[in-house]
Structure formats: structure tokens, C-alpha cells
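Could you walk me through the contact between the two chains in this model? I have the viewer open and would like to know what to select at each step.

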Amino acid sequence: MSLLQAAFSINNPGMFELGDDAVVGFFKLLFVILGFLYVIFAFVVTRQIKVMRTTLITPVSPVVRLIGYLHFFVALAVFLGLVLFL
Amino acid sequence: MTDVYDGKKKISKVAAESEVPGTEREAEAAEKSRRHADDYSEVIRQESPSANPFHAFAPKPTYVFFDSQDRAERVLLLLRKHPITQIPWLIAAIGLFLAPALFSLVPFFDFLPARFNLAALFLWYLLVTGFVLEAALSWFFNVYIITDERIIDVDFLSLIYKNISSAKIDNIEDVTAETGGAIRSIFNFGTVRIQTAGASAELAFEDVPQPAKVTRLLNELLLEEEREKVEGRVN
């Protein structure tokens, strides 16, 4: 039995009376909040890349921009996945 | 209908016509009278132009510009921290990448449905990607630029904080190169400290490759600036 199992007393009615749905709901909310915060971070990174690209112009600037947007859209996709399928 | 004579309009038109070619001619003349760095700098003359945008020591970099660059200003040397200084975060990234394999031995989310394990894995790898992206961007865009007119220190200290310090070559008062320790000696990198008479008293090019060469170049540029003043070629 893991520590978390013991803490939330799943399959162990002797400790705390916390239902499985409440635990699953709590973790879903936690994961969704984390995903949302990461989407904000990924968006800030795209803005940061824009500032960096205008400060130093190099031949790889378009590639860096593409990586930034790709990162943002992957973060968005994961967030939507967490909301819809978790 | 005939045009109504407008004196002001005509004067401004004539001024505009005579001004534009004049400024271009002046710019061309200034460009011709200006000596190229190859003419007075041995360091620059010996180096071939760098076409690789990832070089930490990039003399005469091709297609590299910066936002406050003047039309006639040429980038002579672009510096970044030596790649060896990036090893710690690369090792950390590899460790973080492999961490889920180690943590699979400890059943963290076993009491939750299987889809939570997958979600945790996705979130984890997103965080690792963010960490790597931040570190790589920070290395690539925190640069030190030496042009034939100025030295520029571009710093992106955090996600949204940008600091650009620059000093004119003729404001340089003292240049010191610091190399200490086994790693720095083996890989030939160190910190170049530049004392200036400007607002920012000191600019530090930290952990740049070939600090002795950078110091030599700055001394050559300083000499050229003094020569320009003596010969009246000040621009």
C-alpha cells in the first residue's frame, strides 16, 4: 500500500472516510490546474521568443519561433486532453 | 484646372529632392572613408566569417543583426557562454527525462485509474520540455556583441526581463581577462571585464571562449578609435 493510499484510506475504511469519487475529482482538478498553468507558461514563452527574436536577428529565428508555437500548441492539446478525457 | 501656386509646398518638395540624394551621398562617402576591421585588426583578419548561428565564438557572423544596430555598424564578434558551461542543465534534463522510469518502481498513482498515470507522464514531459526550452533559449539569446563602434551585453534574466547594456568603444578604459580553474584552462574560456566611462561602469562577458583573443580585439578597436580621432575621421 502506497503512502497516498494510506492517507486517503482507499480500500482501508479504518482510517479516513473519503470516497473514491472525491479523490479522483480532487486529482482531476489538480491535473487540470497544472495543465492550465503550463499553458500560460507556454504562452509567455512564445512572447519571450518574440522579444528575443527582435533583439537578436539570426538565420534560425524562424525555427525558434516555430518551436515556441509548437510547444504552446502541445501544451494546449494536453490541457484539453486533461479536461476532456481525465 | 491649373495648379494653384503653393510656395511652402514647392520649397519642401525641392528640399526633399535635394536632401535625400545628399544624405545618401554623405552616407556613401562616410562608408568609403571608413576603414574595415580587416584593415586594422589582426584578430578579425585571421578569422574567417562564421556561418553557424550556434557558435559561441562567432567572428564576422553572417546574417546576424541586433535591434539597435546602425546601418553602417558591423558586427565583428558575437559571443555566448562556452557550451561546456551548459553541461549541468543538460545532465539535469537527461535525469528528468529518465525519472519516470525510476518512479515507475514506486506506485504513486496506483490507487487512481490508469488514465491518471498517462496524464502525469504527459505533464511531466511537458515540464521537462519547458525546462530545456528555457535553458536553451537563455543560452542562445544571452549574447555579447562587439561591433566596430560599440560593445553590447544582451541579458534575458528571466521569462520577461530583458537588459541590454552597451558602451562605445572609445569609452572603454580598461579590459581584463579572467581564466581560473582546471575546466576553464582546459577548454580556454573565461570572463572578460570591461571598465567603461559610461553609465554602466562595468560590462562583463562571462564564460566566453578565447578571452585573450577577445581582449586583443578590444585593444585593437580602442587603438583604431584613437587613430580616428587623431586623423579626424571621427564618425
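Here is a short tour of the interface, stop by stop.

Before you start, keep in mind that this is a predicted model.

**Stop 1: both sides of the contact.** Select the residues of each chain that touch the other: you should have 36 residues from chain A and 40 residues from chain B. Between them, chain A and chain B bury about 3,300 Å², and carbon and sulfur atoms give 84% of that area. Now highlight A:Met52, A:Thr55 and A:Leu56, which lose the most area to chain B within chain A. Together these three residues make up 20% of what that side buries.

**Stop 2: the elements of chain A.** Next, color chain A by secondary structure. Helix 1 (3-8), helix 2 (20-55), strand 1 (56-57) and helix 3 (61-85) each supply at least two residues of the side that touches chain B. Linger on helix 2 of chain A, since the largest share of that side, 18 residues, comes from it. If you recolor the side of chain A that touches chain B by residue class, you will find 26 nonpolar, eight polar and two charged residues.

**Stop 3: polar links.** How many salt bridges are there between chain A and chain B? The count is zero. Polar contacts do turn up, with five residue pairs across the interface of chain A and chain B.

**Stop 4: the strands.** Finally, select strand 1 of chain A together with strand 2 (residues 65-66) of chain B; the two pair in the antiparallel sense over two bridges. Zoom in on A:Ile57, and you will see B:Phe65, in strand 2 of chain B, standing opposite.

How values were computed. Residues are numbered from 1 along each chain as its sequence is written. Chains are lettered from A and ligands numbered from 1 in the order in which they are written. This is a predicted model: local features need pLDDT of at least 70, side-chain atom pairs count only at pLDDT 80 or more; totals for chains, interfaces and linings use all residues. Side-chain values use heavy atoms; hydrogens and water are left out. Contact means heavy atoms within 4.5 Å. Buried area is the accessible area (1.4 Å probe) that two parts lose on being put together, summed over both. A salt bridge is a side-chain nitrogen of Lys or Arg within 4 Å of a carboxyl oxygen of Asp or Glu. A polar contact is a pair of N or O atoms within 3.5 Å; within protein, one must be able to donate a hydrogen and the other to accept it, and residues adjacent in sequence count only if both atoms are side-chain atoms. Helices (H or I, at least four residues) and strands (E, at least two) are DSSP runs, numbered from the N terminus. Ala, Val, Leu, Ile, Met, Phe, Trp, Tyr, Cys and Pro count as nonpolar, Asp, Glu, Lys and Arg as charged, and the others, Gly among them, as polar. Two strands pair if DSSP finds at least two bridges between them.
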